[in-house]
Amino acid sequence: MKIAFIGAGAIGGLFGGFLHNSGHEVIFVEREHKIPKLISNGLKLEMPDSSTITIKAVFKASLEGLKDLNLCVIAVKAYDTSSAARHIAKANLRCPVILLQNGLGVEEEAENVLNRAVARGVTNCGAMVEEIGIVKVKGIAKTLLGAKSEDLLNACSEFADALKEAGLPAEVTKNIEGAVWTKAIINSSINPLGTLLNMRNGELLENEHTKTLMAMVAAESWKVALSLKIKLEVDDPIEEVFKVAKATYNNKNSMLMDILRGKRTEVDYINGAIWRLSAKGLTDAPLNRALYLMVKALESIKLKVSAKN
């Protein structure tokens with residue numbers, strides 16, 4: 001396959017790197033200031049077994065001039081979705097588009113720019129950017145792909161086959177909305193608490209107060225999903241939150257890492273989105289709103305400090 005990845009960060013770098021290594025033609029689109037270093041040094045994947053995989057692929061600042069693409073994968077932060085979709089629109093590409101991102105509402109943002117439907121992916125793989133061109137892979141896990149149209153489901157199936165051949169477990173689901181919401185509920189319960197308290201995922205389980213808070217937030221987010229008639233991928237989201245926190249015991253969540261680096265978080269698309277969508281389901285989500293506002297307050301403080309430095 002000939003695949004363009006918009007975003008060569010944690011997930012884009014991991015997936016694009018594995019696909020490139022298995023023989024697919026991968027083009028990475030990144031911000032212009034990152035391109036010289038990526039071209040010079042390649043993209044390095046630091047694996048859990050301490051080995052390093054160096055990817056010498058094509059790195060570009062835009063999609064213009066590219067032809068015969070089989071697929072475009074958007075793998076940027078949720079708040080950069082519209083910008084990434086504009087790359088595709090500007091290049092007048094008509095290939096299928098899959099969003100491999102966190103958060104709720106990114107499909108609508110991409111579809112508003114492209115004026116067509118997109119597919120969605122949800123992954124449990126863990127990775128983080130150490131610096132430009134270096135991705136630390138924390139763990140390989142299953143990825144779910146899905147869409148509402150038959151054509152996009154076929155594209156998801158082809159992409160899933162390519163991922164599996166590259167060593168990344170993947171499958172297609174007809175309930176991608178449920179998969180997206182399941183992960184959003186988990187993230188809404190772990191990420192803001194870990195961020196506000198500067199705690200690793202497992203530490204949240206050990207403290208009776210934070211464990212109770214995680215359960216309360218998960219229950220509230222679950223209530224919102226039920227009000228919107230979302231069929232989740234798990235029977236008990238609260239137990240799933242505890243399970244994920246335990247399995248990723250030593251991890252600092254991505255929201256916390258963004259704060260520590262003085263960057264914007266994705267809380268607007270997690271707790272913020274759950275709170276906003278609660279009104280649509282004729283319910284409320286005061287815990288999600290409170291966590292959203294606290295993280296936004298912390299974010300604004302950190303961004304100001306970062307700007308001064």
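User: Where is the closest cysteine sulfur to that of C156, and why is there no bond?

Analyst: In general, a disulfide is a covalent bond between the sulfur atoms of two cysteines. The cut-off here is a pair of cysteine sulfur atoms within 2.5 Å. For C156 the closest cysteine sulfur sits in C95, 13 Å away, so that's too far for a bond. Keep in mind that this is a predicted model, where local features need pLDDT of at least 70 and side-chain atom pairs count only at pLDDT 80 or more, while totals for chains, interfaces and linings use all residues. Residues are numbered from 1 along each chain as its sequence is written, and side-chain values use heavy atoms, leaving out hydrogens and water.

User: How far is the sulfur of C95 from the one in C72?

Analyst: 3.6 Å, and that is too far for a bond as well. Searching the whole structure turns up zero disulfides.

User: Are C95 and C156 buried or exposed?

Analyst: Buried means under 20% relative accessible area, exposed over 50%, and partly exposed in between (1.4 Å probe, protein chains only). C95 comes out at 8%, so it's buried; C156 is buried too, at 0%.

User: How many salt bridges does the rule give?

Analyst: The general idea is that side chains of opposite charge can pair when their charged atoms come close. The rule asks for a side-chain nitrogen of Lys or Arg within 4 Å of a carboxyl oxygen of Asp or Glu, and the count comes to twelve. Take R31 and D80, whose side chains meet at 2.9 Å, N to O. R31 is in the loop between β2 (25–29) and α2 (35–41), and D80 in the loop between β6 (71–74) and α3 (81–90), so the pair ties together parts 49 residues apart in sequence. Helices (H or I, at least four residues) and strands (E, at least two) are DSSP runs, numbered from the N terminus.

User: Which parts do D284 and K223 tie together?

Analyst: Their salt bridge is 3.2 Å, N to O. D284 lies in the loop between α11 (271–280) and α12 (286–308) and K223 in helix α8 (residues 208–227), so parts 61 residues apart in sequence are tied together. Elsewhere, R264, D268, K296 and E299 form one network through salt bridges that share partners.

User: Which residues have a positive phi without being glycine?

Analyst: Among them are S50, with phi near 75°, and N115, at about 60°. S50 sits in the loop between β3 (43–46) and β4 (52–55) and is exposed at 68% relative accessibility. N115 belongs to the loop between α4 (106–114) and β8 (119–123), and its 67% relative accessible area makes it exposed.
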